[in-house]
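Here is my note on the model you shared, set out point by point. I hope it helps you find your way around as you turn the structure on screen.

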Amino acid sequence: MEIFLALGSVLTDPALMGWVLAGAIVGMIAGAIPGLTASAAIAMLLPLTFYMEPISALAFLYVIGKSGRYGGSISAILFNTPGTAASAATQIDGYPLARRGMASKAMKVATISSVIGDFTGDILLIVGVGAIAAIALSLGPPELFAIYFAAFVVIGSVIGKSITRGLASAALGVLINMIGLDPISAKDRFTFGLFDLTNGISLVPLMIGIFVLGEVFSQLEKRHAPVEITQYPTGAEGKARNRLSWAEYRLCMPHVIRSSFIGAFIGVLPGLGSSIAAFVAYGEGKRRAKNPEDWGHGALEGVAAPEAANNAVSGPSMAPLLTLGIPGSTIGAILMGVFLIHGIQIGPTLFITSRELIFSLFACGLIGIAMYGLIGYFGAAWVGRFITMIPVKVLYPIIFLTAFIAAFASRGNLFDVFVMVIAGFGGWLMKKFDFNPAAFIISFVLAGGAEETFRQSLLLSQNGLLIFVTRPVALLFLIIGIAALAFRARTLSQHAKEASLKDA
């Protein structure tokens, strides 16, 4: 019932609807620009939200994240260049379809599948988040620290190609978070005598540096690489070839439904993200397909499965953020910053103190899905052509300058600009050497809560660290974290053996 009241409230607020529409458009364009990503767009626009109403700020950025996940499919299909990491799975079948003159049909399948997956994820979030919050209210500091521990391990070990580099990225995020004053003793930590470091490192310039400047530096390295743009037929022939019938899409529906639930399940787990969901769904879809030999050569189902899973992650990834204060993705980490900036304390009590705001945010998400679905179905090809009209030598300098303005505007502090530049080089080096920028940022955000709950647990304990073993829920999450690490190590070892056998 609350969601219907929230929908009515949002639909009758023209200003809020305007921000939702702006988020749908900005996210789609940002996701479709190769390398930019929705996270980078949100990081650049974050300072703008300081001057907005809380619900408008949250809705704007939340819808950018949703639309950006879908927008990555446009460049994956048209240019053979994924706009986001998750769109790499869509590229496998999307680009072969484009080369056969069916780019518009592939984008229609991607749009419909994304909308179904996103709606499924959001409905599951709305139905289940209250129960999760109720459970979270019963957890004490030891249980919460164990959840943080499991999140650190999962984020560091599961994302990326290397466990050690992933965990090192997570550890670096924790270390950078510790710069400043000790929260209990108020003594300086890692400030090296610099007054500007006593308040710690600000999240906004750090994220802009990692996601925006780091990407600009990466694109500078690739500036001479040619981008292949597929020209698809126009006129009567083009319309006939790109007309999507119900008979064609009906074959995709079982894959879309299955992939939506796969994406929703993966979305609840902190740190796994949409790229893992997309590839898991693609692999499962191909395994169950009646025509597995067509997958990889232009199967419509091969576009539908990853797109449904990719977007189904969006809603459920908010569940750990809203109920436990643990962001499930980089976009969640940024939204956590918006909550805190506007004085909204996230966690299980959020559904007591700000219940109306949360359901309004859910309503904005549902409306945003419908908006980017309509825009994408009828205008995705136009968005692709618009992006090709912007020269790279113009686009990235504009992004570069905007990043400097955004970093300075966050607090009006020149020191934040220096932080952004250093973080930009750090983000570029992380990508270059296969470290994990997402694990770094999420761990940076989580570190404060983890330290607080760890210290509270020790104050409650009569037996030191044994409190985490004697509390069943805490022990369970510790085991989950260790098991995830062991499973990932075993999987990578198997892949390495298979690769060595193929080489032999």
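1. Setting aside residues up to four places away in sequence, A133 touches T323, P348 and F351. A133 sits in helix α6, and with a relative accessible area of 3% it is buried. The C-alpha atoms of A133 and G347 are separated by 7.8 Å, although these positions lie 214 residues apart along the chain. Please keep in mind that this is a predicted model.

2. Staying in α6, which covers residues 103-137, have a look at T120. Is T120 buried or exposed? With a relative accessible area of 19%, T120 counts as buried, because the cut-off for that class is under 20%. Leaving out neighbours within four places in sequence, T120 is in contact with S260 and F261.

3. A charged pair also involves α6. D122 forms a salt bridge with K66, and the closest N and O atoms are 2.8 Å apart. This pair links distant parts of the chain, since D122 is in helix α6 and K66 is in helix α4, 56 residues apart. Both partners are buried: D122 has a relative accessible area of 1%, and K66 has one of 0%.

4. Now for α4 itself. Does its length fit what you would expect from a helix, and what span should 26 residues give? At 1.5 Å a residue, α4 (residues 54-79) should span 38 Å, and its end C-alpha atoms are 37 Å apart, which agrees. There is nevertheless a kink of about 30 degrees in α4, centred on G68. Of the 26 residues in α4, 25 are buried, so the helix is largely enclosed by the rest of the structure. Just after α4, N80 takes a positive phi of about 60 degrees.

5. A second salt bridge to find on screen is the one between R189 and E451, where the closest N and O atoms are 2.8 Å apart. R189 lies in strand β2 and E451 in helix α21 (residues 437-460), so this pair ties together parts that are 262 residues apart in sequence. R189 and E451 are both buried.

6. For a contrast in sequence separation, try R287 and E284, whose side chains meet in a salt bridge with an N to O distance of 2.7 Å. These two residues are 3 residues apart in helix α13 (residues 273-288), which means they are separated by about one helical turn. As a reminder, an α-helix has 3.6 residues a turn, so residues three or four places apart point the same way. R287 is exposed, with a relative accessible area of 59%. Salt bridges that share partners also join K66, D118 and D122 into one network. A search of the whole structure finds 7 salt bridges.

7. Next, the loop between β2 and α9. F190 lies in this loop and has a positive phi of about 55 degrees although it is not a glycine. Most residues other than glycine have a negative phi. At 41% relative accessibility, F190 counts as partly exposed. F192 is in the loop between β2 (188-189) and α9 (203-221) as well, and it is exposed, with a relative accessible area of 72%.

8. Which residues form a nonpolar patch on the surface? They are L172, L175, F190, F192 and L194, with about 510 Å² of accessible area together.

9. S202 is also placed in the loop between β2 and α9. S202 is buried, with a relative accessible area of 15%. Apart from neighbours within four places in sequence, S202 is in contact with R411 and D416.

10. Finally, some figures for the protein as a whole. Its secondary structure comes to 23 helices and 2 strands. Buried residues make up 57% of the 504 residues. Among contacts between residues at least 6 apart in sequence, 78% join residues at least 24 apart. The accessible surface comes to about 22,000 Å², and 69% of that belongs to carbon and sulfur atoms.

Key. Residues are numbered from 1 along each chain as its sequence is written. This is a predicted model: local features need pLDDT of at least 70, side-chain atom pairs count only at pLDDT 80 or more; totals for chains, interfaces and linings use all residues. Side-chain values use heavy atoms; hydrogens and water are left out. Helices (H or I, at least four residues) and strands (E, at least two) are DSSP runs, numbered from the N terminus. The expected span of a helix is 1.5 Å times one less than its number of residues. The bend at a residue is the angle between axes fitted to the seven residues ending there and the seven starting there. Buried means under 20% relative accessible area, exposed over 50%, partly exposed in between (1.4 Å probe, protein chains only). Patches are made of residues with over 30% relative accessible area and no salt bridge: like charges are joined within 9 Å, nonpolar side chains (Val, Leu, Ile, Met, Phe, Trp, Tyr) within 5 Å. Accessible areas come from the Shrake-Rupley method with a 1.4 Å probe; for residues, only the protein chains shown count as cover. A salt bridge is a side-chain nitrogen of Lys or Arg within 4 Å of a carboxyl oxygen of Asp or Glu. Contact means heavy atoms within 4.5 Å.
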